[in-house]
Amino acid sequence: MAVLKVEDLSVQFRTAQGVVRAVDRVSFEIRAGETLAVVGESGSGKSVTALAIMRLLPRHGSTRVSGRVMLGERDLVGLADAEMQRVRGNQISMVFQEPMTSLNPLMRIGEQIEEGIRRHQNVSAAVSRRRAVELLDQVRIADPHRRVDEFPHTLSGGMRQRVMIAMALACEPKLLIADEPTTALDVTVQAQILELLATLRKTMNMSMLLITHDLSIVADTAERTLVMYAGRIVEAAATGEILARPAHPYTRGLLGSLPKPRAAGRSRDRLTEIPGAVPPLHALPAGCSFAERCQRADAVCRTDRPEARTVTHDRLAVCHFAVAEAI
Amino acid sequence: MDASSSQAVRVRRKTTPWAFQVAVNRLKQAIPTIACVLVVNFFLVRLIPGDPVDAFVAKAQGADQAFKDHIRHEMGLDEPIWVQFGIYLSKVAHLDFGWSFQNSAPVLDVILLRLWPTVLLLVFSIGVSLLGGVFLGVTAARYSQTWKDRTIAFMSMVLYAMPAFWIGLSLIVVFSVKLRLLPVGGFDTVGSGKTGIAYALDVGRHMTLPALTLGLFYLAVYTRLVRASMFELLDSDFVRTARAKGLSERTVLWRHMLPHALLPLLTLVGVQLGSLLSGVIVIETVFSWPGLGRLTFQAALQRDYNVLLAILLMSTVLVVCANLIVDLLSAWIDRRMDVN
Ligand SMILES: Nc1ncnc2c1ncn2[C@@H]1O[C@H](COP(=O)(O)OP(=O)(O)OP(=O)(O)O)[C@@H](O)[C@H]1O
Ligand SMILES: [Mg+2]
């Protein structure tokens with residue numbers, strides 16, 4: 001059963017350079033109790049997709065969202081603000097990429113956890129405080145009784161991300177959106193946080209949308225994976241399938257860019273092995289957005305935009321050659 | 001510290017010791033300030049060209065030299081200057097600011113009489129402009145990029161650009177001369193015999209124009225500052241987190257964003273307080289408001305040293321006190337240093 005169903009979601013920004021299609025007719029669903037990973041290079045529209053689901057995009061007239069985001073019977077896109085506030089932090093929560101700046105520096109950690117609880121549940125101050133301490137304990141912060149009264153600046157990045165997770169889980173949401181929750185952290189801390197997320201997801205039996213640009217972390221955490229490129233989903237499949245038999249040339253490129261031992265003399269910083277960069281979103285080419293960087297590209301790729309093709313059951317790829325390649 | 005007392009501290013959330021610390025630090029800094037002001041004021045005032053005896057006897061026409069010497073002796077001006085200063089210090093320590101020869105009354109009485117109109121005017125105009133500035137700044141952020149925000153931005157820009165005296169004169173022309181709604185000047189209607197609420201309303205009517213003239217400029221300054229600070233925060237990460245919790249927009253604005261915007265505002269108010277006296281002098285003179293500002297102006301013209309010295313000292317003490325309040329408020333908003 002699907003917890004959340006995204007149908008034809010598009011997001012456009014009007015900017016000085018022109019209209020930016022940051023998300024272009026994206027459709028997917030998140031099933032109960034599963035982790036769905038979204039991977040893609042920087043600028044591929046992962047965060048905008050997540051923020052559109054949460055309705056946290058800048059509210060100016062220059063942002064346009066279309067499509068449907070179905071949470072049960074309700075379409076979040078058209079929901080009234082007050083209704084949407086009851087969904088946020090209650091049924092769907094979000095953890096962000098920047099733990100250092102995502103907490104309010106002037107408020108105690110406990111206050112910040114408690115206000116979410118008190119917003120959605122009719123409980124006394126004593127109960128919400130006890131719950132805040134419990135949550136800190138659950139995200140494995142040592143000495144939670146003392147930590148609740150501290151201010152964020154006393155915590156490291158990893159600890160702050162734990163606090164963010166505690167806040168997000170406070171009302172036991174059905175769905176947790178984690179937008180690159182470990183990108184800003186040390187490698188050892190990254191693993192701990194991912195492990196924590198996976199454990200909590202299981203014990204609380206919620207679904208998770210895990211956004212990352214790092215394919216190496218999806219293998220252990222996500223049942224299914226979406227690959228995004230220039231605002232579109234280019235491949236969707238079970239994680240094992242994607243890792244073993246990528247159907248889209250872009251996915252193959254990403255897999256090739258996984259950090260692995262390199263020949264001496266090559267720069268260690270360069271992770272991407274896909275030459276070139278994402279084309280500017282306000283001036284996408286007529287054909288396939290990836291054609292410029294694709295070794296497989298043909299004349300047809302530059303003139304015709306590929307449609308989604310079913311590669312095998314439960315597997316999509318948006319490439320003119322996807323079917324032929326995968327089999 | 002034993003367990004029970006540390007428990008008690010935790011229940012009080014540890015704010016008291018920190019507030020106390022702030023107060024002690026502030027007062028420690030204030031002592032040399034006040035000492036400097038005492039010295040500088042005393043000698044500066046004596047550098048003003050003109051002779052107080054001449055100014056005084058100008059009233060009694062054709063005074064002879066003997067009479068002048070007598071007055072000079074009465075005023076203590078025939079002593080060496082360091083003796084004058086020593087006498088001055090010991091008297092100040094006893095809250096004795098001497099005799100105002102121009103007003104024929106003790107300086108303390110003269111000042112206390114004039115203090116309250118000024119305090120009333122300041123508290124009212126600064127208080128209202130602070131509250132208004134915060135409200136308008138937050139409203140602008142709430143309705144950013146709509147006509148409400150644009151109107152607020154435009155109006156505060158216009159008020160900010162207009163000189164205070166010009167605002168004052170325009171207000172007088174419109175409300176007093178043309179519409180005849182409000183009095184041009186003074187503190188109350190002389191000889192009206194009003195008491196109680198009627199009297200308060202009468203004073204309020206007299207205060208409206210000077211308070212507006214003084215306050216509108218500050219309202220514009222505060223609105224612009226709060227609006228700019230709030231706008232900077234609108235797309236910040238922790239504000240997004242607050243929204244992600246499902247908090248209402250009002251809670252996000254007032255609880256999460258405003259405290260951040262109040263810190264620079266309080267700093268600005270603290271800085272401005274020092275220069276407030278000069279603004280008050282102009283306003284009180286224009287509206288014949290019987291406050292310290294006008295008294296300062298008169299005392300400077302009449303070389304009424306004792307009054308001048310006392311006012312300068314008192315305004316220093318007032319500024320120090322106001323800054324202490326500003327610091328305590330800032331410490332209360334930013335409690336990060338609380339935890340020891
Ligand atoms: N408010 C906005 N106005 C205009 N363009 C925007 C806005 N927000 C995002 N974009 C554009 O949308 C595109 C997608 O951005 P998004 O943040 O979703 O990328 P991402 O996949 O999350 O990348 P990263 O891995 O760097 O987080 C980018 O090109 C970005 O410049
Ligand atoms: Mg992102």
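The legends below describe close-up views of a predicted model, covering the interface between chain B and chain A and the surroundings of ligand 1.

**View 1. The interface between chain B and chain A in the predicted model.** On the side of chain B, 25 residues are in contact with 31 residues of chain A, and the two chains bury about 2,700 Å² between them, of which 52% is on carbon and sulfur atoms.

**View 2. Polar contacts and salt bridges between chain B and chain A.** Across this interface there are 15 residue pairs in polar contact, both residues of each pair being at pLDDT 80 or more, and the count of salt bridges between the two chains is four. In one salt bridge, the side chains of A:Glu111 and B:Arg335 meet with an N to O distance of 3.4 Å. On the side of chain B that touches chain A, the elements giving two or more residues are α10 (237-244) and α11 (249-286) of chain B, and by class this side comprises 12 charged, seven nonpolar and six polar residues.

**View 3. Polar atoms of chain A beside ligand 1.** An oxygen atom of ligand 1 lies 2.4 Å from a polar side-chain atom of A:Ser42, while polar backbone atoms of A:Gly43 and A:Ser44 are found at 2.8 Å and 3.2 Å, respectively, from an oxygen atom of the ligand. Of the 630 Å² of accessible area that ligand 1 has on its own, the protein covers 66%.

**View 4. The shell of residues around ligand 1.** The ligand is surrounded by 15 residues, the closest being A:Ser42, A:Gly43, A:Ser47, A:Val48 and A:Glu180. Both β1 (2-15) and α1 (46-54) of chain A supply at least two residues of this shell, with α1(A) giving the most, three residues. By class, the shell has seven polar, five nonpolar and three charged residues.

Conventions: Residues numbered from 1 in each chain as written. Chains lettered and ligands numbered in written order. Predicted model: local features only at pLDDT ≥ 70, side-chain atom pairs only at ≥ 80, totals over all residues. Heavy atoms only, no water. Contact = heavy atoms within 4.5 Å. Buried area = accessible area lost by both parts, 1.4 Å probe. Polar contact = N/O pair within 3.5 Å; in protein donor to acceptor, adjacent residues only side chain to side chain. Helix = DSSP H or I, 4+ residues; strand = E, 2+ residues; numbered from the N terminus. Nonpolar A, V, L, I, M, F, W, Y, C, P; charged D, E, K, R; others polar. Near = heavy atom within 4 Å. Areas by Shrake-Rupley, 256 points an atom, 1.4 Å probe, with all protein chains shown as cover.
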